[in-house]
Amino acid sequence: MSVSYHPVLVVGAGVVGLSVALYLQRAGMQVAVLDPLGPAGGASFGNAGMLSPDTATPIAMPGMLRKVPGWLRDPLGPLAVRPSYFPRALPWLLQWVKAGRLERVLAISDAMRALHRDTLTCWRELLGDTLYRDLIRPSGQVHVWEGDDASPTEAIEQQIRDRHGIAAQTLNADDLRQMFPGLARDITRGLFVPGNGHTVSPQRIVHSLAELFRAAGGAIVAERAMKLIPREGGSFTVMTNTANRIAERVVVAAGAWSAQLLAPLGIRVPLETERGYHAMLFSPSVTPRHLSLSPDARHFCTTFLADSACSRFSLKTLCGLAACEPLENILDGHSGNRAAPPWSATQACPRHAVLDQRSRRRAAHQRSRSGAGNDH
Ligand SMILES: Cc1cc2nc3c(=O)[nH]c(=O)nc-3n(C[C@H](O)[C@H](O)[C@H](O)COP(=O)(O)OP(=O)(O)OC[C@H]3O[C@@H](n4cnc5c(N)ncnc54)[C@H](O)[C@@H]3O)c2cc1C
């Protein structure tokens with residue numbers, strides 16, 4: 001087995017690993033990145049592309065605990081935990097419940113604000129003006145709700161926006177119809193958050209980071225880190241599937257796999273995986289100008305992805321959601337693997353997406369023509 005030396009090794013070539021690698025490289029360090037799948041092989045490929053500097057609302061909110069039994073009973077509910085996985089998920093679920101207390105929610109929102117507020121500035125810094133203009137649309141996001149009455153959660157969300165001075169504009173049913181012709185009738189209220197935006201291609205944005213990194217002399221190596229072994233003096237041996245690499249510093253940015261890699265070092269990361277689905281609608285009859293999402297428990301959002309010339313309706317079920325699936329199954333749906341999503345996902349997407357009937361029929365027709373592979 002060969003041995004090589006690196007000042008800095010980054011494990012993982014997702015959006016996090018490559019952003020860190022690029023920043024470190026620009027700070028004058030010699031950096032190499034390890035990833036058996038290459039850039040954007042994980043969640044950074046299959047997401048909805050929302051960029052949310054003006055979002056500081058945590059997922060766990062007061063009152064959620066009351067809803068959990070109902071969610072667990074509902075086959076299309078946002079939270080599903082397979083009984084055999086429950087004991088493993090329990091510690092994380094308990095922390096999630098604790099995180100939903102108001103004083104924790106406000107403290108977490110402060111941390112989220114500090115992390116998110118410079119999102120667009122950082123993207124411009126990383127990509128440069130030309131790529132930024134090509135890949136990023138800072139055109140706001142619209143949150144939508146059904147029914148007339150605001151939930152108690154919405155009042156806390158408003159409290160959080162006020163706390164951080166985040167601008168938002170309330171929309172009524174007429175405003176929404178103008179912005180989104182063909183919007184389902186049961187969507188009656190909305191909120192426009194002008195400071196947010198989206199990328200037209202989550203995959204291309206990560207590939208662009210990779211190109212910038214390589215162009216400045218960085219190496220992305222197709223190897224899997226198997227084990228991190230501390231050495232005297234603070235450096236590490238990173239055992240990969242084909243080599244031993246000695247690194248002065250190691251950055252673990254292996255997404256959902258990070259907890260597994262760090263556990264043998266006694267570092268416990270409270271990380272559970274999240275499952276999400278997306279349905280790709282080719283030539284949709286509705287092409288709204290803004291990205292939209294429903295911030296309630298049945299998270300969906302629509303994104304408009306330039307690469308695939310289609311709208312993407314992404315149904316993101318809540319937090320623990322993926323606590324119930326082996327990791328490989330969760331990521332398969334996003335990394336081009338043929339695995340079809342579970343029945344409940346394909347049913348839930350059209351049910352909750354903001355579509356008029358014509359688009360639904362067209363989507364169903366497209367699906368039947370192109371097979372289940374497009375429906376995740
Ligand atoms: C359906 C869905 C929609 C989403 N929508 C949004 C959104 O709109 N906006 C948003 O900001 N976020 C969204 N997210 C979340 C976002 O995709 C993730 O937070 C983000 O991609 C995580 O990036 P990452 O670099 O940490 O992980 P990943 O992109 O998963 O990258 C981790 C990389 O590490 C590699 N790796 C793993 N183990 C090893 C190892 N042992 N050695 C070497 N390499 C390893 C993997 O191959 C992978 O390439 C969404 C997620 C989903 C599932």
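This is a tour of a predicted model, stop by stop, with something to select at each one.

**The whole chain**

Start with everything shown as a cartoon. The chain has 376 residues, of which 36% count as buried. Colour by secondary structure, and 12 helices and 16 strands should appear. Among contacts with a separation of 6 or more, 75% are between residues 24 or more positions apart.

**The sheet of 6 strands**

Select β9, β2, β1, β12, β11 and β10, which is their order across an open sheet of 6 strands with mixed pairing. The two edges are β9 (219–221) and β10; each has a single partner strand, so one side of each is left without a neighbour in the sheet. On average, neighbouring strands here are turned by 40 degrees against each other, direction ignored.

Now go to the β10 end of this sheet. Strand β10 (residues 225–230) runs antiparallel to strand β11 (residues 236–240), and 5 bridges join the two. To find one place where they pair, select L228 and its bridge partner in β11, V238. The two strands form a hairpin with 5 residues between them. In that turn, select G233, which has a positive phi of about 90 degrees.

Follow the chain onward from β11 into strand β12 (residues 243–252). These two strands are also antiparallel, joined by 4 bridges. They make a hairpin as well, with 2 residues between them. Select F236 to see its bridge partner in β12, A247.

A general point helps when side chains are switched on. In a regular strand the side chains alternate between the two faces of the sheet.

**Helix α1 on the sheet**

Next select α1 together with β1 (2–11), β2 and β12. The helix lies across these three strands and runs at about 170 degrees to β2.

**Helix α8 and its two partners**

Keep helix α1 (residues 15–26) and add helix α8 (residues 202–215). How are two packed helices described? By the angle between their axes and the distance between the axes. For α1 and α8 the angle is about 30 degrees and the axes are 9 Å apart. That makes α1 roughly parallel to α8. Their crossing is left-handed. To see the contact, show the side chains of V15, L18, S19, A21, L22 and Q25 in α1, then those of V206, L209, A210, L212 and F213 in α8. These contact residues divide into 9 nonpolar, 2 polar and no charged.

Leave α8 selected and add helix α5 (residues 119–135). The axes of α5 and α8 come within 11 Å and cross at roughly 155 degrees. The two helices are therefore roughly antiparallel to each other. The crossing of α5 past α8 is right-handed. On the α5 side, select L126, L127, L131 and L135; on the α8 side, select R204, I205, S208 and L209. Here the contact residues divide into 6 nonpolar, 1 polar and 1 charged. L209 is listed in the contact with α1, and L209 is listed in the contact with α5 too.

**Helices α4 and α6**

Clear the selection and pick helix α4 (residues 102–116) and helix α6 (residues 152–164). They pack at an angle of about 50 degrees, with axes 11 Å apart. The two are therefore oblique to each other. The crossing is right-handed. In α4 the residues to show are V105, L106, S109 and R113, which meet I156, I160, R163 and H164 of α6. The contact residues divide into 4 nonpolar, 2 polar and 2 charged.

**The sheet of 3 strands**

Select β3, β8 and β4, which form an open sheet in that order with antiparallel pairing. Which strands are at the edges? The edge strands are β3 (50–51) and β4 (136–137), each pairing on one side only. Between β3 and strand β8 (residues 197–199) there are 2 bridges. Select M50 and H198 to see a bridge pair across these two strands.

**G42, the last stop**

Finish in the loop between β2 (31–34) and β3, where G42 is found. Is G42 buried or exposed? G42 counts as buried, because it has 24 C-beta neighbours inside 10 Å, and a residue needs 20 or more to be called buried. Draw a distance from the C-alpha atom of G42 to that of V15: the two are 27 residues apart along the chain and separated by 9.3 Å. V15 also belongs to the contact of α1 with α8.

Terms used:
Residues numbered from 1 in each chain as written. Predicted model: local features only at pLDDT ≥ 70, side-chain atom pairs only at ≥ 80, totals over all residues. Axes fitted to C-alpha atoms, helices over the stretch in contact; angles between N-to-C directions. Parallel < 35°, antiparallel > 145°, perpendicular 65-115°, else oblique. Left-handed = near helix turned anticlockwise from the far one by under 90°. Contact = placed C-beta atoms within 7 Å. Nonpolar A, V, L, I, M, F, W, Y, C, P; charged D, E, K, R; others polar. Pairing = 2+ DSSP bridges. Buried ≥ 20, exposed ≤ 12 C-beta atoms within 10 Å, placed from the backbone.
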